[in-house]
Amino acid sequence: MKKALAAVVLFALGCLQPALAQDKPANATGGIQGQNIFEVKPDASADKGYDQQTNAERAKVQPGNNAPMWRNVGDGLSGYTSLPKSQAPEAGNLVQPIVQYPGSLNTTAGEAWRQVRNNWIIPYGGALLLIIAGAIALFYFSKGTIGLHGQETGRKIERFTPFERSAHWANAIAFVILAVSGLVMAFGKYFLLPVIGSSLFGWLTYLLKNMHNFAGPVFAVSLVIVIVTFVRDNLPSKGDLTWLLKGGGLLSGKEVPSHRFNAGEKVVFWFGVFALGLIVVASGLVLDKLIPSLMYDRGTMQIAHMVHAVSTVLMMVLFLGHIYIGTLGMDGAYNAMRTGYVDETWAKEHHELWYDDVKAGKIPTQRSNSPSPVAAPAAKA
């Protein structure tokens with residue numbers, strides 16, 4: 001039975017063989033045709049205009065070789081799109097043109113941005129933050145909190161008015177939210193994701209990203225108020241250079257006389273609050289697409305991101321020292337911003353020139369209508 005069935009199959013194949021062996025019609029059409037490499041003209045790539053061929057010209061000598069098309073795509077060639085350029089400036093553009101950002105190779109803009117972010121901003125920015133945090137920790141454990149040398153008098157001087165404190169705290173709280181959320185979004189996948197898992201990390205970053213977006217405008221508005229409020233007392237004055245050269249006396253134990261704000265605080269104000277603060281805000285507004293009439297293409301967003309990331313890292317480095325001195329680093333500094341008042345002894349030891357102006361009547365002891373805290377009795381010598 002099996003032999004009979006096999007014989008029938010062989011007979012059928014024999015009948016079909018002449019039909020299969022016939023050549024295809026000359027005008028047969030189909031999709032992309034395969035090409036035998038041995039049938040390609042051997043002098044195709046030797047042609048003088050080979051590198052300048054269009055995709056149609058290349059198809060005549062090397063069918064299926066779409067190199068000219070993809071070369072144009074890689075060079076940033078834009079195709080046709082019916083979408084308005086104001087709404088979709090890069091709708092017809094698949095790959096950005098070749099650029100070279102600082103720290104990147106000469107490559108497409110998207111890849112160049114990726115190289116700058118992953119090879120420079122993330123590793124070196126993270127390392128800088130860790131180094132500064134470590135240095136502050138070492139200084140604290142070796143020197144401890146800067147305390148008063150003399151006894152408190154119980155007589156208070158108003159250092160910050162309620163308006164000044166509210167502006168500072170609004171800006172400070174917004175900054176902390178932005179800093180924490182930014183750190184998690186930038187570095188979280190390296191130290192948080194392996195610990196809490198992808199699901200919780202996803203929800204956390206989603207929450208922090210929304211907090212970042214809401215805290216940004218608060219930071220921007222309060223930053224302008226802080227600059228206008230404190231700019232007068234942060235103008236350069238005589239003695240600032242001496243303060244900087246001596247490091248404020250932190251290492252010697254004897255502070256250099258200063259006005260209401262010392263030179264270190266002025267550096268934080270002008271570089272951290274004013275310069276870097278305005279750059280951070282401006283680049284953040286670009287990333288949120290809040291600046292009218294600006295063309296929001298990929299190149300604009302990439303540059304804005306790099307500027308935003310670098311400036312925020314530098315700002316956090318400066319503010320780490322400011323936060324340290326205002327909390328753990330100096331006894332009485334946090335109370336000054338919390339209550340608005342400092343003891344005369346504190347004012348004399350940390351800002352002697354400002355204290356002298358207060359005692360001389362050039363600056364009033366009480367600058368607002370807020371009630372002064374109850375004066376503690378002076379300690380006996």
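**Stop 1: the loop between helix 8 and helix 9**

Start by selecting Ile291, which sits in the loop between helix 8 and helix 9. Helices here are DSSP runs of H or I with at least four residues, strands are DSSP runs of E with at least two, and both are numbered from the N terminus. The model is predicted: local features need pLDDT of at least 70, side-chain atom pairs count only at pLDDT 80 or more, and totals for chains, interfaces and linings use all residues. Residues are numbered from 1 along each chain as its sequence is written, and side-chain values use heavy atoms, with hydrogens and water left out.

Ile291 is partly exposed, since its relative accessible area is 31%. Buried means under 20% relative accessible area, exposed means over 50%, and partly exposed is in between (1.4 Å probe, protein chains only).

Add Leu285, Leu290 and Leu294 to the selection: together with Ile291 they make a nonpolar surface patch of about 300 Å². Patches are made of residues with over 30% relative accessible area and no salt bridge; like charges are joined within 9 Å, and nonpolar side chains (Val, Leu, Ile, Met, Phe, Trp, Tyr) within 5 Å. Accessible areas come from the Shrake-Rupley method with a 1.4 Å probe, and for residues only the protein chains shown count as cover.

Now select Lys289, in the loop between helix 8 (263-287) and helix 9 (298-329). Lys289 is not a glycine, yet has a positive phi of about 55 degrees. Most residues other than glycine have a negative phi. Lys289 counts as exposed because its relative accessibility is 53%. Ser293 lies in the loop between helix 8 and helix 9, and has a positive phi as well, near 70 degrees. With a relative accessible area of 84%, Ser293 is exposed.

**Stop 2: Arg298**

Move to Arg298 in helix 9, which is partly exposed at a relative accessible area of 28%. Show Gln96 too: the two are 202 residues apart in sequence, but their C-alpha atoms are 8.1 Å apart in space. Leaving aside neighbours within four places in sequence, Arg298 is in contact (heavy atoms within 4.5 Å) with Glu90, Asn93, Leu94 and Gln96.

**Stop 3: the salt bridges of Arg260**

The structure holds seven salt bridges. A salt bridge is a side-chain nitrogen of Lys or Arg within 4 Å of a carboxyl oxygen of Asp or Glu. Side chains of opposite charge can pair when their charged atoms come close.

Select Arg260 and Glu164, which form a salt bridge with the closest N and O atoms 3.0 Å apart. Arg260 lies in the loop between helix 7 (240-245) and helix 8 and Glu164 in helix 5 (residues 162-191), so the pair ties together parts that are 96 residues apart in sequence. Arg260 and Glu164 are both buried.

Next add Asp233: Arg260 forms a salt bridge with this residue, with the closest N and O atoms 2.5 Å apart. Asp233 is in the loop between helix 6 (193-230) and helix 7, and this pair links distant parts of the chain, 27 residues apart. Arg260 counts as buried at 6% relative accessibility, whereas Asp233 is partly exposed, with a relative accessible area of 29%. Include Arg367 as well: salt bridges that share partners join Glu164, Asp233, Arg260 and Arg367 into one network.

**Stop 4: helix 12 and what follows**

Where do the buried residues of helix 12 lie around its axis? Select Trp354, Tyr355, Asp357 and Val358, which are buried in helix 12. Seen down the axis, the buried residues fall within an arc of 160 degrees, so they line one face of the helix. The arc is that of the directions from the helix axis to the C-beta atoms. These buried residues pack against strand 3 (156-158), strand 4 (341-343) and helix 11 (344-350). Just after helix 12, Gly361 has a positive phi of about 90 degrees.

Further along, Ser368 is in the segment after helix 12 (352-359). Ser368 counts as buried because its relative accessibility is 18%. Its side chain makes a polar contact with the side chain of Glu158 (2.4 Å). A polar contact is a pair of N or O atoms within 3.5 Å; within protein, one must be able to donate a hydrogen and the other to accept it, and residues adjacent in sequence count only if both atoms are side-chain atoms.
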